[in-house]
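I opened my notebook on this structure with a few things to look up: its pockets and cavities, some strand pairings and one of its chains. My entries follow in the order in which I made them.

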Amino acid sequence: MSMKNISQEKKDMINLSRRSFMVGSMKTSLFMAFGAAAIPSLLSAKESIETKQFSPNIWFEMDTDGNVIVNIAKAEMGQHIGTPIARILADELECDWDKVSIVHVDTDPKWGYMVTGGSWSIFHTYKPMSQAGAAGRMVLIDAGAKLLGVPANSCKAEKGFVISGNKKISYGDIVANGNVDKTFSADELAELPIKPGKKRHLIGVNADYKALDIPPKTNGTAVYGIDVEVENMLYARPILPPTRYGSAVTNVDDSKAKSLPGYKGYKVLTDPSGTIEGWVTVLATDYPTAIKAVDMVKVSYNAGKTANVSEADIQKEGERIVRDRKEGTVFVDEGNIELAQSKAAQTIEALYTTATANHFQLEPLNAIAEFKGGKWHIHTGNQWQSLTLPTVAKAAEVPESDVILHQYYLGGGFGRRLYGDWIVPALLTAKAAGQPVKLVFMRPDDTLFDQPRSASTSLFNASFDENNQFLGMEHALAAGWPTLKMAPGFLAPGVSGEGKVDMFSASGADHWYTMSHHRARAVNNKVAQDTFTPGWLRSVGQGWIVWGLESFIDEVAMKANKDPVDFRLAMLDGKGKQGGKAPESVGGATRLANTLDILKKKTANVKLGADEGIGYSVSAGQERTMPAWLATAAHVHVNKRTGKITVKKLWVVSDAGIVIHPDGAIAQLEGSLLWGLSLALFEHNEVKNGQVSKTNLHTYLPLRMNDVPEMDIELVESEEFPVGLGEPGVIGVAPAIGNAVYQAIGVRLRHLPMLAQHVTAALKA
Amino acid sequence: MIEFTLNGKKVQTDAASDTPLVWVIRDEFGLKGTKFGCGVAMCGACTVHIDGNAIRSCSYPVSLAKGKNVNTIESLNNEHPLQSAWVEEQVPQCGYCQSGQIMQAATLLDRNPNPSDQDIVNHMSANYCRCMAYARIKKAIKRAATSSVQYFDPNASSEGENA
Ligand code: FES
Ligand code: FES
């Protein structure tokens, strides 16, 4: 599909429930599939299924033994996404959970819009999957009742059987003997009632079950992109240009490499899609030779114009544009902040910054490109096929229908594998070589080609009256914008209808506190934007935005002489726009207040030693339209002599609506809390000479097991609509730590990561 | 020509002597369970056992393996108590680091069937997990340690200290 209709496609995806649903028996299986919103009226369910007249990204099959296969077009990258989706279905279908398995399908434009990111999967599939299960159950009950010779209304379904009094028949036997051919229109499907959370037996806070994708990940049999081979392929490794954009190759000298057995030459890539510029790839019969050859090939360039950009340049531009009110797009404008400021007796201002940070997903980027049967076959793990495919097709100069992305497990995604730009050099190399190519990035190649979390700059200004009463806040925030680069169709208009804003670089500033005067303005940092492709990194904008916001809220509370927790609770009153919306944010800010209140009680009696403190924060990631309500606390110790910050314990209280997979949710929260900690204290990769300065794990130092604190995670029992939990745990950790450091030693840290040298410098000042 | 024993079988390779063992295992012998992450011995995704020691195969030239016993995740046959503990504790997220984590942990239990928390942290802290499944890795090691008096030994002739 083209970029133009991406937003329409996204809407269609969200509106899976606006699709028809077909149930039909075919050969020895029963098929259930989502179809188009409008049903081609001439075809029966059976015929549409037989002729593949459906465009599902999820569908199911049941065989004569009652085994259910759930086909899923979602990327598996550690969130075990197939399992909860299958559970939601199985719960309504009333099939036997032990007979359910999942298959991650290869990706093809015909499956419809494909994206796994933004913690959207559960949010987008809960209702349609529930209704699909309910529809399947109804059909099976009807068919089962006929076979049993009893009225359908005397039957119920349970664990793979249709039961009427003392008669019963298994789903498998119904599939073997029944003749099913039923289509639900989009409207009929949308009207099917779904069970309330209380009635669910396969999902919910108390459901205890294991993820289906885990066993193969304990014995080496799970297949990741990097494990794939195709016949007759060459291996390739890239040589990256000195800048992300605008470099051109002027000369290549491979005379030294020629003596390497297995060396197969190099390609200078020309990219019709404009994704890469100035790339050379080196070919060999085996990968170790390609690794070596890269070091022996000398490439000369005309470097792009960002070749001298440094982190300081990015920060300087950031500060300039947050201070200039003419820059950027206002996306929140409550009350009249200018009036509040003119009446203010006092103000406080603070500038918060974060350093460039990287994904460092463990599986380095890789892809196989093979031209076969008139189509390009791409083998790689990708999160956002529908965004990637048009670019790949453009690079190959073929129609999108001639590209097929084959899906594998992802050795970590975290946002790096959304936009599959790394496929382009693989494809161009294969095209130039006239042979299938497996392109593998060595770790430094991967890091230099990462889409890093942009360095960011946030300016806050709060107004107070003469009694220190808080009046309002102005917030300006600047960074490189991932969406502007990779999916401009998703930019949103500003509050006045003017200008554009990347909500993935703005969400979080549109917080849930009731403030009479509040303005937020997002600005794109063009120096960052030109230097690299800014990335969506786990928790995206909220990760740096809420770090500043929730630290500054503490500063405001201090100025107002209030306890930071009570100050927050008072502003989380759920009034006006903060009251939330059905279905996704029912209760609004009051649910956030509830989590903070629980956390406050839980931490009331923690004993603090010398130079220790507890800090708090609240967050509602990922977006206002899909908030997971989280209150986070950190207990820290600060060594005043060395400046070392030690996090002793992290707490989180989470209300994410009905929890589909509690153990999976806890695993995601454990991982995301530690991500938050790692970004708060350890991870930074300053740009130097146009590129990130640390390219491997001996200099880039994410958290390891020896820095893992105790964690206390509580899931609030809720009947509300389920929202995603894969990322939001990251958000609150950094500000909770910063606030705890202030409590411990009275030092306010305003740069991420918070390093020992910042602490000692602040203590000296 | 370099000869060594891979998961109990004698094998030979013509790879250049400085070829990192990981590529020989993965691409020549097709055992893809051993992963590649950093290439500089800083993540542990490529951990295998060589004569019973946990070794980073990305930084181990194949020539050094000559005459030695190399065992990969596949050699555990899905029978190692760590593997069932990994499922019980639902450890893996993306799973990419887990072959290496399990191989690293196996050499700990080999020598110290009842490790303390600190022993585990000391032994495991050089293994990177980007999904940050550290809490569960630790729990699973404890579970495997307490649940099995007898544990699977992939290499009966193991000796020496951890690498
Ligand atoms: S790949 Fe060997 S330690 Fe990272
Ligand atoms: S489970 Fe993903 S890197 Fe460890």
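**Second largest pocket**

I began with the second largest pocket, whose volume I noted as about 440 Å³, keeping in mind that the model is a predicted one. I found 23 residues in its lining, and those nearest its centre are Glu670(A) and Met711(A) from one chain with Ala135(B), Arg136(B) and Lys139(B) from the other. Which elements each supply at least two residues of this lining? I listed α18 (662-681) and β31 (710-715) for chain A, and α4 (117-124) and α5 (134-147) for chain B. The largest share, six residues, I traced to α5(B). Sorting the lining by class, I counted twelve charged residues, ten nonpolar and one polar.

**Chain B**

Since chain B takes part in that lining, I looked at the chain as a whole. I recorded five helices and five strands, which follow one another from the N terminus as β-β-α-β-β-β-α-α-α-α. Of its 163 residues, 60% count as buried, and the accessible surface comes to about 5900 Å², with 47% of that belonging to carbon and sulfur atoms. I also checked the sequence separation of its contacts: among those between residues at least 6 apart, 61% join residues at least 24 apart.

**Strand β20 of chain A**

I then turned to β20(A), residues 437-440, and asked whether its two faces are covered or open. Both are covered, as Val437(A) and Leu439(A) are buried on one side and Lys438(A) and Val440(A) are buried on the other. For its pairing, I noted three bridges to β10(A), residues 234-239, in the parallel sense, and four bridges to β17(A), residues 366-372, in the antiparallel sense. Val437(A) appears in both of my pairing notes, for it has Leu234(A) opposite it in the one and Ala369(A) opposite it in the other.

**A six-stranded sheet in chain A**

Next I wrote down the order of an open sheet of six strands in chain A, β15-β25-β22-β21-β16-β32, with mixed pairing. β15 (329-334) and β32 (751-752) are its edge strands, and each has a single partner strand, so one side of each is left without a neighbour in the sheet. I followed β15(A) to β25(A), residues 517-524, and found five bridges between them, running antiparallel; in that pairing, Val330(A) has Arg521(A) as its bridge partner.

**Glu550 of chain A**

Is Glu550(A) buried or exposed? I placed this residue in helix α15(A), residues 540-559, and its relative accessibility is 0%, under the 20% cut-off, so I entered Glu550(A) as buried. Leaving out residues up to four places away in sequence, I found that Glu550(A) touches Tyr513(A), Arg568(A), Ser617(A), Val618(A), Pro735(A) and Asn739(A).

**Cavities**

My last entry concerns enclosed space: the structure holds ten cavities of 30 Å³ or more, and I looked further at the second largest, in which about 150 Å³ of space lies. Of the 17 residues that line this second largest cavity, I noted Arg244(A), Leu448(A), Thr531(A), Phe532(A) and Gln691(A) as the closest to its centre. The elements giving two or more residues to the lining are α12 (443-448) and β30 (691-692), both of chain A. By class, I entered nine nonpolar, six polar and two charged residues for the lining of the second largest cavity.

Definitions and conventions. Residues numbered from 1 in each chain as written. Chains lettered and ligands numbered in written order. Predicted model: local features only at pLDDT ≥ 70, side-chain atom pairs only at ≥ 80, totals over all residues. Heavy atoms only, no water. Buried < 20%, exposed > 50% of the residue type's maximum accessible area, 1.4 Å probe, protein only. Contact = heavy atoms within 4.5 Å. Areas by Shrake-Rupley, 256 points an atom, 1.4 Å probe, with all protein chains shown as cover. 1 Å grid on protein atoms, 1.4 Å probe; cavity = no way out; pocket = protein on both sides within 12 Å on 5 of 7 lines; lining within 4 Å. Points joined across faces, edges and corners; volume = space filled by probe spheres on them. Nonpolar A, V, L, I, M, F, W, Y, C, P; charged D, E, K, R; others polar. Pairing = 2+ DSSP bridges.
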